Amino acid sequence: MSYSSPKDILNLIEQENVQVVDLRFMDFPGLWQHFSVPAHEISEDSFTEGLGFDGSSIRGWQAINESDMIMKPVISSAFIDPFMAAKTLVMTCDISDPISGEDYSRDPRSVCRKAENYLKSTGLGDTIYFGPEAEFFVFDDIRFDQNEHSGYYFVDSVEGRWNTGRDEKPNLGYKPRYKEGYFPCPPTDSLQDMRSEMMLILEALGVSIEAQHHEVATGGQCEIDMRFAPMVEMADNLLKYKYVIKNVARRHNKTVTFMPKPLWNDNGSGMHVHMSIWKDGKNQFYGDGYAGLSETALYAIGGLLKHAPAVLAFSNPTTNSYKRLVPGFEAPVNLAYSSRNRSAAVRIPMYSKSEKAKRFEFRCPDPSGNAYLTFSAMLMAAIDGIQNKIDPGQPLDKNIYDLPAAEAAKVPKTPGSLREALAHLEADHEFLLKGDVFTKDVVETWIEYKLENEVMQIDTRPHPYEFALYSDI
């Protein structure tokens, strides 16, 4: 059910006997944050004047001397939380400055809204559709620690191939072989019922689902595919998606991770993102060019490929992301496009040739990051490509693994580390600043935060495998 006015929300609170209203927003790196108020604290003024909170403790946000912030609930985002004991109404919020009243520049949802509005202002389109395919692992146990004299992690899954010899009293087998987890029926796929529960709860919350299935890796890798939606709505949906999946797993005493590469020697978790631009009800990517694409779509691909090393600082924003993006494996590290080649960064799906279905898919991203910023950066790169008629070059329809070394070396590659991606972002971000979508403050803070809190923290700690390589030197 959709809601369009404060009165709709107040009626819902009364009709559903709502006791708690949970107000949520996304922090800078990409985690949903919240606080709750008694339902009687919500009035029509809550939607215009907002509710105050301290922004100084939110990662990447305000300094302590300018900590006061305002959050304004988004009426259309309301849903009844299916996991809380007390009847709880959830609403996503936009963040604004209490002094100026303007949207807060580092609120990721604000960036996404500005990107959507910028597209409209260019006249290139009035709607941008996104369809992410976020993969994840369901584990039975996850333990980790790092201190001055030791470091380790342990993950476990009843499906893990490494457990074929474990005494499980009884061990029934049915553990997918490495890289063979794609589509086996139960009992090998032990997570079917859980994924169906996730899928049905998402649908009940208004998130349209197209399919759910086991993924390639052993150890509980899964995917649930959402139907495409306009950009801001889809970013909102991705937060619901992660929230539902994690909490259903917790109900079953399991844990979910969206880390891109939690297992060595098996497939990582990506988030292929489909996109298309529409105007006046017509798909601007549909045409009679390569793979049924329009000239506009090809220019958009050109922009995305040109700026991909910088875009990856948002779409692949963790040090772990680059354990997945490694040449020679399954990951799409080649900055080229193709209608069939899944090792190319951009693929044009050929399942359907209809106008409605025509789109391209950016295969590099993973689900570890901030969807609002990922989608915005992709759109801004595509717009830059269209505006400047950036030629994407020839498609890479050959098997990259069969190419002679000299020819393969000519194909540009994705950055090899988060540090490298951040360096590309520092050198190439003017396309993001158009329309004041990303501000310099956002770009600079992102780079500074990631370098200080993630890159340098990994750089300064010994890796367990380094002891295997070097302890006897």
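## The second largest pocket

Sorted by class, the residues lining the second largest pocket come out as 17 nonpolar, ten polar and 15 charged. That lining belongs to a predicted model, and it runs to 42 residues around a volume of about 940 Å³. Nearest the centre of the pocket sit E133, H272, H274, R347 and E361.

Four elements each give two or more residues to this lining: strand 7 (127-139), strand 10 (209-214), strand 11 (221-226) and strand 14 (271-279). Strand 7 provides the largest share, with six residues.

## Aromatic pairs

There are 21 aromatic pairs in the structure. One of them is F137 with F139, a stacked pair with 5.5 Å from centre to centre and 20 degrees between the planes. Both partners are tucked away: F137 counts as buried because its relative accessibility is 0%, and F139 is buried too, at 1% relative accessible area.

F314 and F438 make a tilted pair, with centres 5.2 Å apart and planes at 45 degrees. This one ties together distant parts of the chain, 124 residues apart: F314 belongs to helix 6, while F438 lies in the loop between helix 11 (430-433) and helix 12 (440-459). F314 has 0% relative accessibility, so it counts as buried, and F438 is buried with a relative accessible area of 0%. Elsewhere, ring pairs join F25, F35, F53, W61 and Y104 into a cluster.

## Helix 6, kinked and enclosed

Helix 6 covers residues 295-315, and its end C-alpha atoms span only 25 Å. A straight helix of 21 residues would span 30 Å at 1.5 Å a residue. Look along helix 6 and you'll find a kink of about 75 degrees at A308, shortly before the proline P309.

How many residues of helix 6 are buried? The count is 18 of 21, so helix 6 is largely enclosed by the rest of the structure. F314, from the tilted pair above, is one of the residues in this helix.

## Helix 3, by the book

Helix 3 (residues 108-122) has the length you'd expect: at 1.5 Å a residue its 15 residues should span 21 Å, and its end C-alpha atoms are indeed 21 Å apart. Its buried residues are P108, R109, S110, V111, C112, A115, E116, Y118 and L119. An α-helix has 3.6 residues a turn, so residues three or four places apart point the same way. Just past the end of helix 3, G123 adopts a positive phi of about 80 degrees.

Notes
Residues numbered from 1 in each chain as written. Predicted model: local features only at pLDDT ≥ 70, side-chain atom pairs only at ≥ 80, totals over all residues. Heavy atoms only, no water. Expected span 1.5 Å × (residues − 1). Buried < 20%, exposed > 50% of the residue type's maximum accessible area, 1.4 Å probe, protein only. Bend = angle between axes of the 7 residues up to and from the residue. 1 Å grid on protein atoms, 1.4 Å probe; cavity = no way out; pocket = protein on both sides within 12 Å on 5 of 7 lines; lining within 4 Å. Points joined across faces, edges and corners; volume = space filled by probe spheres on them. Nonpolar A, V, L, I, M, F, W, Y, C, P; charged D, E, K, R; others polar. Phe/Tyr/Trp six-rings, centres within 6.5 Å; stacked < 30°, edge-to-face > 60°.
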